[in-house]
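Trainee: I have this one open and would like to go through it with you. Can we start with one of the helices and work outwards?

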Amino acid sequence: MKFLEEYGFSKEEFEEFMNNTPKKLIDKLEEHEDLVRVNLQFVKDLGTAVYKEIFINYPDIFLLDASVFAKTFTQYETDELIE
């Protein structure tokens with residue numbers, strides 16, 4: 001999960017994620033790193049500053065197919081996502 005540093009995750013944010021995420025889910029996220037990267041970049045590119053919080057709190061959604069993931073987020077305005 002070291003690739004999270006490339007997306008601006010601090011050491012503290014990384015530790016929060018690792019400490020609050022089940023090992024099986026971490027393994028699955030690592031196994032599908034390319035998909036997780038695509039989805040994480042999509043959320044980051046929306047311009048919301050809370051993309052890291054979304055990942056930390058809802059990591060399982062980053063395993064969705066990229067088109068389904070994008071559709072899920074594009075149905076909301078960026079301001080609604082922040083709320």
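Mentor: Let us begin with α5, bearing in mind that this is a predicted model. In that helix Phe69, Ala70 and Phe73 are buried; seen down the axis of α5, the buried residues fall within an arc of 95°, so they line one face of the helix.

Trainee: And which exposed residues does the face of α5 turned away from its buried side carry?

Mentor: That face carries Ser67 and Lys71, both of them exposed.

Trainee: Back to Phe69, then. Which residue does Phe69 form an aromatic pair with, and what is the angle between the planes?

Mentor: The partner of Phe69 is Phe42, with 6.2 Å from centre to centre and 75° between the planes, an edge-to-face arrangement. Phe42 lies in helix α3 (residues 33-45) and Phe69 in α5 (residues 66-74), so the pair ties together parts that are 27 residues apart in sequence.

Trainee: Are the two rings buried or exposed?

Mentor: Phe69 has 0% relative accessibility and therefore counts as buried, the cut-off being under 20%. Phe42, in contrast, has a relative accessible area of 24% and is partly exposed.

Trainee: How many aromatic pairs does the structure hold?

Mentor: There are seven aromatic pairs in the structure. One of them joins Phe17 and Phe55, whose ring centres are 5.0 Å apart and whose planes stand at 35°, so this pair is tilted. It links distant parts of the chain, since Phe17 belongs to helix α1 (residues 11-20) and Phe55 to helix α4 (residues 51-57), with their positions 38 residues apart in the numbering. Both Phe17 and Phe55 are buried.

Trainee: Which residues form the aromatic cluster?

Mentor: One cluster is formed by Phe9, Phe17, Phe42, Tyr51, Phe55, Phe62 and Phe69.

Trainee: What does Phe9 touch, if I leave out residues up to four places away in sequence?

Mentor: With those set aside, Phe9 touches Leu4, Leu40, Tyr51, Lys52, Phe55 and Ile56. Phe9 is also among the residues with the most contacts inside the largest nonpolar core, which has 19 residues; the others named there are Met1, Leu4, Phe17, Leu40, Phe55 and Phe62.

Trainee: Which helix gives the most to this core?

Mentor: That is α4, with four residues, while α2 (23-31), α3, α4 and α5 each supply at least two.

Trainee: Staying with α4, what does the side chain of Asn57 reach?

Mentor: Asn57, which lies in α4, has a side chain that reaches the backbone oxygen of Glu53 at 2.9 Å. Asn57 and Phe17 are 40 residues apart in sequence, yet their C-alpha atoms are 7.9 Å apart in space.

Trainee: Changing topic to Glu13: is it buried or exposed?

Mentor: Glu13, found in α1, has a relative accessible area of 17%, and because buried means under 20%, it counts as buried. Leaving aside neighbours within four places in sequence, Glu13 is in contact with Gly8, Lys52 and Ile56.

Trainee: Last one: which element has the lowest mean pLDDT, and which the highest?

Mentor: Helix α6 (residues 78-82) has the lowest mean pLDDT, at 58, and α2 has the highest, at 97. The protein as a whole averages 90, and 90% of the residues score at least 70.

Note on methods: Residues are numbered from 1 along each chain as its sequence is written. This is a predicted model: local features need pLDDT of at least 70, side-chain atom pairs count only at pLDDT 80 or more; totals for chains, interfaces and linings use all residues. Side-chain values use heavy atoms; hydrogens and water are left out. Rings of Phe, Tyr and Trp (its six-membered ring) pair if their centres lie within 6.5 Å; planes under 30 degrees apart count as stacked, over 60 as edge-to-face and the rest as tilted. Buried means under 20% relative accessible area, exposed over 50%, partly exposed in between (1.4 Å probe, protein chains only). A nonpolar core is a set of buried Ala, Val, Leu, Ile, Met, Phe, Trp, Tyr and Cys residues joined through side-chain atoms within 4.5 Å. Contact means heavy atoms within 4.5 Å. pLDDT is the predictor's confidence in each residue, from 0 to 100. The arc is that of the directions from the helix axis to the C-beta atoms. A polar contact is a pair of N or O atoms within 3.5 Å; within protein, one must be able to donate a hydrogen and the other to accept it, and residues adjacent in sequence count only if both atoms are side-chain atoms.
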